[in-house]
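Subject: Structure for your files

Dear colleague,

Here is the structure I said I would pass on. Please look it over before reading the notes that follow.

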Amino acid sequence: MLPWNNKPIRVVVVGDLILDEYIDGSVNRISPEAPVPIHHVEEDHSTAGGAANTARNIKLAGGEVTLIGIIGCGSAGKKIKQQLALDHIDTS
């Protein structure tokens with residue numbers, strides 16, 4: 001039983017807002033210039049990580065959450081904001 005099932009509770013999450021990125025594909029050869037695998041990317045996706053993931057988990061479990069952290073202006077920050085907005089977490 002979740003602690004907020006009987007009454008509304010707001011949880012404050014403070015921390016690093018991280019974008020977790022996952023890249024799927026295959027490696028068929030090693031670079032001739034250095035011992036580095038050549039990765040053929042077939043699919044990639046990203047999700048909120050760190051404190052942003054914690055806030056999402058609380059919200060998706062039925063809790064109310066206030067998230068405090070810093071989001072950059074670049075593409076990673078925009079992706080985190082989009083993910084949080086989909087889960088109805090305020091990013092102002």
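In which helix does Thr54 lie? Thr54 belongs to helix α1, which covers residues 51-60. Please keep in mind throughout that this is a predicted model.

Overall layout

The protein contains two helices and four strands. Along the sequence their order is β-β-β-α-β-α. The radius of gyration is 18 Å, whereas a compact globule of 92 residues would have one near 12 Å. A box of roughly 60 × 30 × 20 Å, set along the principal axes, holds the C-alpha atoms.

Of the 92 residues, 23% count as buried. The exposed surface comes to about 6,600 Å², and carbon and sulfur atoms supply 53% of that area. Among contacts with a separation of 6 or more, 61% are between residues 24 or more positions apart. The protein has 8 positive and 11 negative charges, and the mean positions of the two sets are 10 Å apart.

The β2-β3 pair

Strand β2 takes in residues 17-30 and strand β3 residues 37-50. The two run antiparallel and are joined by 13 bridges. The connection between β2 and β3 is a hairpin of six residues. Leu17 of the pair has Gly50 in β3 opposite.

The β1-β4 pair

Strand β1 is made of residues 10-14, and strand β4 of residues 64-68. β1 and β4 pair in the parallel sense, with five bridges between them. Val14 has Ile68 in β4 as its bridge partner.

In a regular strand, side chains alternate between the two faces of the sheet. In β4, Val65 and Leu67 form the covered face, while Glu64, Thr66 and Ile68 form the uncovered one.

Arg10 is in β1. Leaving aside residues up to four places away in sequence, Arg10 touches Glu64, Val65 and Thr66. Which of these are on the covered face of β4? Val65 is on the covered face, and Glu64 and Thr66 are on the uncovered one. Arg10 and Gly77 are 67 residues apart in sequence, with 24 Å between their C-alpha atoms.

Pro8 is found in the segment before β1. Pro8 counts as exposed because its relative accessible area, 77%, is over 50%. Pro8 and Arg56 are 48 residues apart along the chain, and their C-alpha atoms are separated by 16 Å.

The helices and the end of the chain

Back to Thr54 in α1. Is Thr54 buried, exposed or partly exposed? Its relative accessibility is 38%, so Thr54 counts as partly exposed. Thr54 and Val36 are 18 residues apart in sequence, yet 34 Å apart in space, C-alpha to C-alpha.

Helix α2 spans residues 75-86 and includes Gln83. Why does Gln83 count as buried? Gln83 has a relative accessibility of 19%, and the cut-off for buried is under 20%, so the residue falls on the buried side. Beyond residues up to four places away in sequence, Gln83 touches Thr47, Ala48 and Arg56. Of these, Thr47 and Ala48 fall within the residue range of β3, and Arg56 within that of α1.

His88 sits in the segment after α2. His88 is exposed, with a relative accessible area of 65%. Most residues other than glycine have a negative phi. The phi of His88, however, is positive, near 60 degrees.

Summary

In short, the predicted model has an antiparallel pair, β2 with β3, and a parallel pair, β1 with β4. Gln83 of α2 is buried, while Pro8 and His88 are exposed.

Regards

How values were computed: Residues numbered from 1 in each chain as written. Predicted model: local features only at pLDDT ≥ 70, side-chain atom pairs only at ≥ 80, totals over all residues. Heavy atoms only, no water. Rg over C-alpha atoms; globule rule 2.2 N^0.38 Å. Buried < 20%, exposed > 50% of the residue type's maximum accessible area, 1.4 Å probe, protein only. Contact = heavy atoms within 4.5 Å. Areas by Shrake-Rupley, 256 points an atom, 1.4 Å probe, with all protein chains shown as cover. Lys, Arg positive; Asp, Glu negative; His and termini not counted. Charge placed at Lys NZ, Arg CZ, Asp CG, Glu CD. Pairing = 2+ DSSP bridges.
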